[in-house]
Amino acid sequence: MPQLSQIGEIYASQLFWLAIVFALIYFGIGKAMVPKIERTMEDRSARIAGDIAAAETARDAARASDEAYQAGLEAARAEALRVTASAKAQASAASEAAAKAAAAADEARIATAMQAIDARTGEAMAEIETAVVDSVEAIVTRLSGVQVDRATIERNVKAALTHG
C-alpha cells in the first residue's frame with residue numbers, strides 16, 4: 001500500500017507538527033483559558049460565599065425580629081389578660097352592687113307589702129269581728145228574745161276568735 005510506505009518519509013515532520021500543535025494548544029488553553037476559568041470559579045465561589053453570609057445575616061436578623069415579635073406578643077397577651085381580669089373584677093363588683101341594691105329594694109317592697117297585709121288583716125279581722133258581734137246579737141235576740149249587752153258579746157267573740 002502506497003499510503004503506508006510513505007510513513008517513514010513523513011513520520012518525522014508529522015511528529016514535529018504534532019508537537020507544535022500540541023504545544024500551541026497546551027499553552028493556548030493552559031495559559032489563556034485556564035486562568036480565566038479559574039478566575040470565574042473563584043469569583044463564583046466568592047459570590048456564593050458572600051450570598052451565604054448575607055443569607056445567614058438575614059436569617060439572624062429575621063430570628064431576632066421574630067423573637068422581638070414573640071416577646072411583644074407575649075407582653076400584649078399579658079396586658080390583655082390583666083385588662084380582662086380588671087374588667088371582670090369591675091363587672092363583678094358592679095353586678096354585686098346592683099344585686100345588693102335590688103335585694104335591698106326587694107326587701108323594702110316586701111316589708112311594705114307585709115305592713116299592708118298586716119293592716120288589711122287587722123281591718124278584715126275588725127270587720128269580721130263586727131259582723132260576728134252583729135250576727136250573734138241578732139241571733140240571741142231572735143232565739144231567746146233577751147236583749148244582751150253588746151260589750152259582753154264583743155268580749156266573748158274576741159275571746160273565741162283569739163283562741164280559735
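User: Why is A58 called partly exposed?

Analyst: This is a predicted model, and in it A58 has a relative accessible area of 46%. Buried means under 20% and exposed means over 50%. A value of 46% falls in between, so A58 counts as partly exposed.

User: Where does A58 sit?

Analyst: A58 belongs to helix α2, which covers residues 7-144. Another residue to look at is A105: its C-alpha atom is separated from that of A58 by 68 Å, and the two are 47 residues apart along the chain.

User: What makes up the secondary structure of the protein chain?

Analyst: There are 3 helices and 0 strands. Read from the N terminus, the order is α-α-α.

User: How do you know whether the protein chain is a compact globule or not?

Analyst: Set the radius of gyration against the rule. For 164 residues, a compact globule would come out near 15 Å, but the protein chain has 62 Å. The C-alpha trace spans about 190 × 40 × 20 Å along its principal axes. As for burial, 3% of the 164 residues count as buried. The chain exposes about 13,500 Å², with carbon and sulfur atoms supplying 64% of that.

User: How do you know which residues the "transmembrane region" covers?

Analyst: That comes from the UniProt annotation, an unreviewed entry, and the residues it gives are 15-34. In the model this span is 100% helix and 0% strand, and its end C-alpha atoms lie 26 Å apart.

User: How many aromatic pairs does a search of the whole structure find?

Analyst: The search finds 2 aromatic pairs. In one of them, F16 and W17 have ring centres 5.3 Å apart, with 75° between the planes.

User: Why is the pair of Y26 and F27 called edge-to-face?

Analyst: Two numbers matter here. The ring centres of Y26 and F27 are 5.3 Å apart, and rings pair if their centres lie within 6.5 Å. The planes of Y26 and F27 are at 70°, while planes over 60 degrees apart count as edge-to-face. Both conditions are met, so the Y26 and F27 pair is edge-to-face.

User: What makes W17 exposed, and what makes F16 partly exposed?

Analyst: It comes down to the 50% cut-off. W17 has a relative accessible area of 53%, so it is exposed. F16 has 47% relative accessibility, so it counts as partly exposed.

User: And how do Y26 and F27 count, exposed or partly exposed?

Analyst: Use that cut-off again. Y26 has a relative accessible area of 57%, which is over 50%, so Y26 is exposed. F27 has 48% relative accessibility, which lies between 20% and 50%, so F27 counts as partly exposed.

Conventions: Residues numbered from 1 in each chain as written. Predicted model: local features only at pLDDT ≥ 70, side-chain atom pairs only at ≥ 80, totals over all residues. Heavy atoms only, no water. Helix = DSSP H or I, 4+ residues; strand = E, 2+ residues; numbered from the N terminus. Rg over C-alpha atoms; globule rule 2.2 N^0.38 Å. Buried < 20%, exposed > 50% of the residue type's maximum accessible area, 1.4 Å probe, protein only. Areas by Shrake-Rupley, 256 points an atom, 1.4 Å probe, with all protein chains shown as cover. UniProt positions renumbered as here; feature names shortened; annotations may be inferred. Phe/Tyr/Trp six-rings, centres within 6.5 Å; stacked < 30°, edge-to-face > 60°.
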